[in-house]
Every structure is written in C-alpha cells, then in structure tokens.
Amino acid sequence: AERPYRPDRIGQDATWRPYIRQTIATRRPVISAPFKTNAGDGNFVVVLTMPILAHDGKLVGLLTGSLGLTRPEMLGSVANTRIGQSGYVSIVTADGKLIIDPDARRLSKPQYVPGTNALFDRALQGYEGTEAGIDESGRPAFISYHRIKTSGWIVSAIYPKEEAYEYIGKLVRNFLLALAAAALGILF
C-alpha cells in the first residue's frame with residue numbers, strides 16, 4: 001500500500017536501495033542519506049524505514065515514508081533565510097552534497113570538489129566556527145560552519161565582507177560625528 005497511490009510501482013523490487021538493505025540486514029529502523037527524488041519535482045528527500053517483525057522475529061514487511069527536505073514546511077524555508085542583504089544559509093551532507101541552498105539550480109549539480117575550498121575541507125573534517133573566506137561566487141565573506149551531530153550535515157552561514165564592513169563603517173562614521181560634535185560643544 002502507498003500514499004499517494006502510484007500503480008506503476010506495484011511489484012517493483014526496491015531491495016537494491018541502501019536504506020532498504022540496511023533495514024533488512026539490521027532489522028532496525030533506518031533514516032536514509034538525502035537524495036533527489038525520482039518524482040521529477042527536484043525535491044531532496046530522506047526515507048525512514050521501520051521493519052515489521054513477526055512474533056518469532058521473522059521479517060514480514062517494511063514500513064517506509066519519505067520527508068521532502070526542500071519543501072517549505074520542512075527545511076526549504078532555510079533556503080530563504082537572509083543574513084544582511086545578500087548573505088544566506090545552506091546545508092551540505094557529511095559527504096559534501098548540497099541539499100539546501102537559495103539557488104535551487106545548484107542542488108542538482110555536484111558542488112564539492114576536495115581541495116578547492118580549504119575552509120570547507122576543514123568543516124568536513126569537523127571544524128566549527130567562523131572565518132574569512134570566499135563564497136561560491138568568489139566574493140570575500142565571513143563563513144560560519146556548524147555540524148548537526150545527529151546527521152553529520154553542515155550548516156553554512158555566509159555573510160559578505162562588504163556588507164559587514166559597510167555596517168562597521170557606518171558605526172565608525174556615526175561615532176566620529178558624535179565625537180566631533182562633542183569636541184565642538186566642549187570648545188564652545
């Protein structure tokens with residue numbers, strides 16, 4: 001049985017899928033790695049599986065369900081998060097697959113090439129923190145990485161340096177104007 005019902009899938013063998021194989025082998029629930037759905041909607045999903053066991057422990061079936069990660073009610077709204085005016089947030093799997101990004105066209109293409117971004121290489125090795133770096137479009141930026149412990153996914157927050165320095169510049173200008181006004185007041 002399935003919902004939504006798709007009659008073309010009845011009788012298909014899905015035991016080649018890694019999460020199905022793992023569930024059968026371990027007889028334990030499994031959460032799959034994210035992958036692009038074959039439904040043609042460009043959505044990334046995770047599949048959750050639960051073995052159905054008879055009283056004697058024999059595997060009699062599997063219950064599976066999928067969650068669309070890039071749908072707005074899930075993580076899709078993260079792709080719309082703005083830091084400043086043009087900063088953004090993205091999420092990458094532990095093996096370097098981009099699953100959440102403001103530019104949905106990037107999700108379907110390989111994004112990570114080892115050795116091309118030393119800061120991201122470090123994040124894949126466990127680094128968490130903020131450093132100056134270069135974003136995917138070549139702009140200097142402050143980039144923060146945080147690893148989600150349960151999944152190994154890496155959340156990246158990118159804030160362009162020019163925006164950060166613009167804000168600091170405004171603070172300095174306002175401080176200098178206030179200082180100049182105070183100095184003139186003292187002189188008078």
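Start by selecting Ile 91 and Val 155 in this predicted model, since Val 155 in β10 is the bridge partner of Ile 91. Widen the selection to the two strands, and you will have β6 and β10, which pair in the antiparallel sense over 5 bridges.

**Along β10**

Keep β10 on the screen and show its side chains, reading along the strand from Ile 154 to Pro 160. Which residues point to one face and are buried, and which point to the other and are not? Ile 154, Ser 156, Ile 158 and Pro 160 belong to the buried set, while Val 155, Ala 157 and Tyr 159 point the other way and are not buried. In a regular strand the side chains alternate between the two faces of the sheet.

**From β10 to β9 and β8**

Next add β9, which pairs with β10 in the antiparallel sense over 7 bridges; to see one of these pairings, select Ser 144, whose bridge partner in β10 is Ala 157. The two strands form a hairpin with 6 residues between them, and in the turn you can pick out Gly 152, which has a positive phi of about 80 degrees.

In the loop between β9 and β10 you can also select Ile 148, which, with a relative accessible area of 28%, is partly exposed, because that value falls between the 20% limit for buried residues and the 50% limit for exposed ones. Leaving aside neighbours within four places in sequence, Ile 148 is in contact with Trp 153 and Val 155. If you draw a distance from the C-alpha of Ile 148 to the C-alpha of Lys 161, you will find 25 Å between two residues that are 13 apart in sequence.

Now show the side chains of β9, where Ala 141, Ile 143, Tyr 145 and Arg 147 make up a covered face, and Pro 140, Phe 142, Ser 144 and His 146 make up an uncovered one. On to β8, residues 129-134, which runs antiparallel to β9 and is joined to it by 6 bridges; Gly 133, for example, has Ala 141 as its bridge partner in β9. These strands also form a hairpin, with 5 residues between them, and Gly 138 in the turn has a positive phi of about 90 degrees.

**Into the nonpolar core**

Turn now to the largest nonpolar core, which has 21 residues, and select those with the most contacts inside it: Leu 69, Ile 99, Phe 120, Ile 143, Tyr 145, Trp 153 and Ile 154. At least two residues of this core come from each of β3, β6, β7, α2, β9 and β10, and α2 gives the most, with 4 residues.

Centre the view on Ile 99, which, not counting residues up to four places away in sequence, touches Pro 34, Phe 44, Leu 69, Thr 70, Ile 91, Thr 93, Leu 107 and Trp 153. One of these, Thr 93, lies in the loop between β6 and β7, and with a relative accessible area of 3% it is buried. With the same sequence neighbours left out, Thr 93 touches Pro 34, Ile 99, Leu 124, Gly 152 and Trp 153.

**The hairpin of β3 and β4**

Select β3 and β4, two antiparallel strands joined by 9 bridges, and find Val 46, whose bridge partner in β4 is Leu 67. Between the strands of this hairpin are 5 residues, and Gly 57 takes a positive phi near 90 degrees. Asp 56 is also in the loop between β3 and β4 and, at 64% relative accessibility, counts as exposed. A line from the C-alpha of Asp 56 to that of Leu 119 spans 51 Å, although the sequence separation is 63 residues.

**The largest pocket, and a last loop**

How many residues line the largest pocket? There are 34, and Glu 2, Arg 9, Tyr 19, Thr 64 and Ser 66 lie nearest its centre, while its volume is about 1,300 Å³. β4 supplies the largest share of the lining, 7 residues, and by class the lining has 16 nonpolar, 9 polar and 9 charged residues.

Finish at Arg 27, in the loop between α1 and β1, which is partly exposed at 36% relative accessibility. Its phi is positive, at about 55 degrees, although Arg 27 is not a glycine. Most residues other than glycine have a negative phi.

Terms used:
Residues numbered from 1 in each chain as written. Predicted model: local features only at pLDDT ≥ 70, side-chain atom pairs only at ≥ 80, totals over all residues. Heavy atoms only, no water. 1 Å grid on protein atoms, 1.4 Å probe; cavity = no way out; pocket = protein on both sides within 12 Å on 5 of 7 lines; lining within 4 Å. Points joined across faces, edges and corners; volume = space filled by probe spheres on them. Nonpolar A, V, L, I, M, F, W, Y, C, P; charged D, E, K, R; others polar. Pairing = 2+ DSSP bridges. Buried < 20%, exposed > 50% of the residue type's maximum accessible area, 1.4 Å probe, protein only. Core = buried A, V, L, I, M, F, W, Y, C linked by side-chain atoms within 4.5 Å. Contact = heavy atoms within 4.5 Å.
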